[in-house]
Amino acid sequence: MGKGQKGSLGEKKGKRMRDDSPAQEDGKKCRVFRFPLLVALLQLLFGVAVAAVAFLMAAISPSLLARETPHWAGIILCLVSLVGFILYCINYLPDEKTSMQFVVKLLYFILCTTGLVISVLAVAFAGHHHSQSSSFTCKQMGEACVCVQDPNDPIARTFTYEGVSDCEAITGTLRFYFLLQILLNLVQALVCAVGTFIMWRHRYQVFFSGLQIASPSPELWQKV
């Protein structure tokens, strides 16, 4: 009888331990790590916003230079975000067992660093032109708007904006777009800095970078 009680106690204890153990994942479910998707999504949104504002600026006057309309910064960040989406879709394997996983993570790290530099450069250009346009004195001359920083200086530099029917587009609208570019590119730089720091901090491998389908062992989901 004592042996029977011990056996039943052992069975109950084993059953309790099985109940407390982690449930196996359903074969039809995916485990997702969302951080790379969040960074890539923010890069895409801000990249599209920067490019859209830049094209609106270019529509004001064809005389605006490429550094004044940083659509290139937005387009490059959209390309960086595409690499982030590819990284999100690659199945995670510990210790970088696939060359594709390592190459994409390294490429994303380099592109995030490049995006950070480009965004800071766009902020510098926009800040310079915003400060410059704040001191403009403009007058309409036919289909062009002619602006100078100091009307009392006979040798002051003259800025001519062709295809502008109203100088308010230069002194008001364009100045607002420069300020908007500063804000957008500054946030974009912060997003790239976060992505770069996380990729460096985790040495490209200690966070889950994609979809894992029905992992046969929960140990694969531990940090490396």
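Below are three short exercises with worked solutions on ring pairs and cysteines.

This is a predicted model, in which local features need pLDDT of at least 70, side-chain atom pairs count only at pLDDT 80 or more, and totals for chains, interfaces and linings use all residues. Residues are numbered from 1 along each chain as its sequence is written, and side-chain values use heavy atoms, with hydrogens and water left out.

**Exercise 1. Classify the ring pair of Phe-136 and Phe-159, and say where its two members sit.**

Step 1: get the criteria. Rings of Phe, Tyr and Trp (its six-membered ring) pair if their centres lie within 6.5 Å; planes under 30 degrees apart are stacked, over 60 edge-to-face, and the rest tilted.

Step 2: apply them. The centres of Phe-136 and Phe-159 are 5.0 Å apart and the planes are at 40 degrees, so we call this pair tilted.

Step 3: place the rings. Phe-136 is in the loop between α4 (99-134) and β2 (137-141), while Phe-159 belongs to strand β4 (residues 158-162), 23 residues away. Helices (H or I, at least four residues) and strands (E, at least two) are DSSP runs, numbered from the N terminus.

**Exercise 2. Which residues do ring pairs link into a cluster with Phe-136, and are they buried or exposed?**

Step 1: look for another partner. Phe-136 also pairs with Tyr-161, again tilted, at 6.4 Å centre to centre and 55 degrees between the planes.

Step 2: join the pairs up. Phe-136, Phe-159 and Tyr-161 end up in a cluster linked by ring pairs.

Step 3: check accessibility. Buried means under 20% relative accessible area, exposed over 50%, and partly exposed in between (1.4 Å probe, protein chains only). Phe-136 comes in at 10% and is buried, Phe-159 at 8% is buried, and Tyr-161 at 5% is buried too.

**Exercise 3. How many disulfides are there, and what is the pairing order?**

Step 1: count. With a disulfide taken as a pair of cysteine sulfur atoms within 2.5 Å, the structure has 2.

Step 2: take Cys-138 and Cys-147. Their sulfurs are 2.0 Å apart, and 105 degrees about the S-S bond makes the link right-handed. Cys-138 is partly exposed at 22%, whereas Cys-147 is buried at 0%.

Step 3: take Cys-145 and Cys-167. Here the S to S distance is 2.2 Å, and the torsion is about 125 degrees, so this disulfide is right-handed.

Step 4: write the order. Numbered along the sequence, the bonded cysteines pair 1-3, 2-4.

Step 5: check a leftover. Cys-192 has its closest cysteine sulfur in Cys-112, 5.5 Å off, too far for a bond.
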